[in-house]
Amino acid sequence: GNCQQGNCLMLFCPICYGSYDNIFQRPLLLPCAHTFCLECLSRICVFVKQAQTFPCPLCRAQVHVPDGGIPKLPPNMDVVTQFPPWLQTLQEVWLDGHRLCWIKQPSLSCQVSAGEEALEMLVTVELLYNPAPWDVSRRDLIGIHHPSRLSMCRGLCQLLWERRLAVFWIAILLLVLIVLPIIFIPDSHMTRTPEGQHQVGTFPTADAPSSSLSRSQSF
C-alpha cells in the first residue's frame, strides 16, 4: 500500500486480501476509520437488518447499518483516488436479499452487428456460501439406511432368540400335526379289508371255483 501523512494506506482488504476496485471490492470506510471491501462487510452483515449495528472486524466498535444496507456506507476516497482513472468512477451496487447486484453496461469498444443493440448484463454475488446446488431429488435431505444382508440375519436371529419359547411350541405343534401322521400312517398295500370282503385290487381267478358252483356240486 501507499503511505500518506504518516498513515499506511492499504489498497487491499484486510479480510480477504483482495485488491480494492470500484464494484464489489469497493473500499468502505467505517466511523472507526477502518476500511474493508463491500463484499466482505456484506457477508459479515448478511443477517443484520437496517438501523441495526455490527462490530468492526478489527476494533469491535459498533457501526450502524444505513438505509439500503452495507452498499450505502461511504467509500474511502483516499483509496479510490489511488485507482487508475478508469476505476475511479464507483459503480452502483445494491443489496437484493442475500446477494449483491450490479448492472454491467455494454462496453463502448464492443462490436455489435448492424440492427442489434448491446444489452446490459446483471451481475450478482451470492453472500451465502453454497458450493453445490441443492437437489431435492437426491437423498441427501434424509439419510436412508439400507441394511446389509448380514445385519438382517443378525436381526432375525436376535428376534428368534427373544421369542425362543414361542418358536419352541410352534415347532412342537408342527411336529404333531404334520410329521407324526406321515410317519405312522400305514402303507396302503398293507391294509386289510373286513372279513368276507375282497382286498382292494384282488379279483377271483378261473382256477378258483366260485362259492355258488361249490354249493351246487354239494347237492
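Me: Hi! Which class fits Phe 168: buried, partly exposed or exposed?
Reply: This is a predicted model, in which local features need pLDDT of at least 70, side-chain atom pairs count only at pLDDT 80 or more, and totals for chains, interfaces and linings use all residues. Residues are numbered from 1 along each chain as its sequence is written, and side-chain values use heavy atoms, without hydrogens or water. With a 1.4 Å probe and protein chains only, buried means under 20% relative accessible area, exposed over 50% and partly exposed in between. Phe 168 has a relative accessible area of 47%, so the class is partly exposed.

Me: And what about Trp 169, buried or exposed?
Reply: The relative accessible area of Trp 169 is 53%. That value makes Trp 169 exposed.

Me: How many aromatic pairs does the model have?
Reply: Rings of Phe, Tyr and Trp (its six-membered ring) pair if their centres lie within 6.5 Å; planes under 30 degrees apart are stacked, over 60 edge-to-face and the rest tilted. By this rule, the number of aromatic pairs is three.

Me: What kind of aromatic pair do Phe 24 and Trp 102 form?
Reply: Their ring centres are 6.2 Å apart and the planes stand at 90°. That geometry is edge-to-face.

Me: How many residues apart in the chain are Phe 24 and Trp 102?
Reply: Strands here are DSSP runs of E with at least two residues, numbered from the N terminus. Phe 24 sits in the loop between strand S2 (7–9) and strand S3 (27–29), while Trp 102 belongs to strand S8 (residues 99–104). The pair therefore links distant parts of the chain, with both partners buried, Phe 24 at 9% and Trp 102 at 12% relative accessibility. Along the chain, the separation is 78 residues.

Me: Then why is the pair of Phe 168 and Trp 169 edge-to-face, and at what plane angle?
Reply: The ring centres of Phe 168 and Trp 169 lie 5.4 Å apart. The pair is edge-to-face because the planes meet at 70°.

Me: Which residue has a positive phi in the hairpin of S7 and S8?
Reply: Two strands pair if DSSP finds at least two bridges between them; strand S7 (residues 93–96) and S8 run antiparallel, joined by four bridges. Asp 96 stands opposite Arg 99 in S8. Two residues lie between the strands of this hairpin, and the positive phi, near 65°, belongs to Gly 97.

Me: Which residue of S9 stands opposite Leu 100?
Reply: S8 is also joined to strand S9 (residues 121–126), by six bridges in an antiparallel arrangement. Opposite Leu 100 in S9 stands Val 125.
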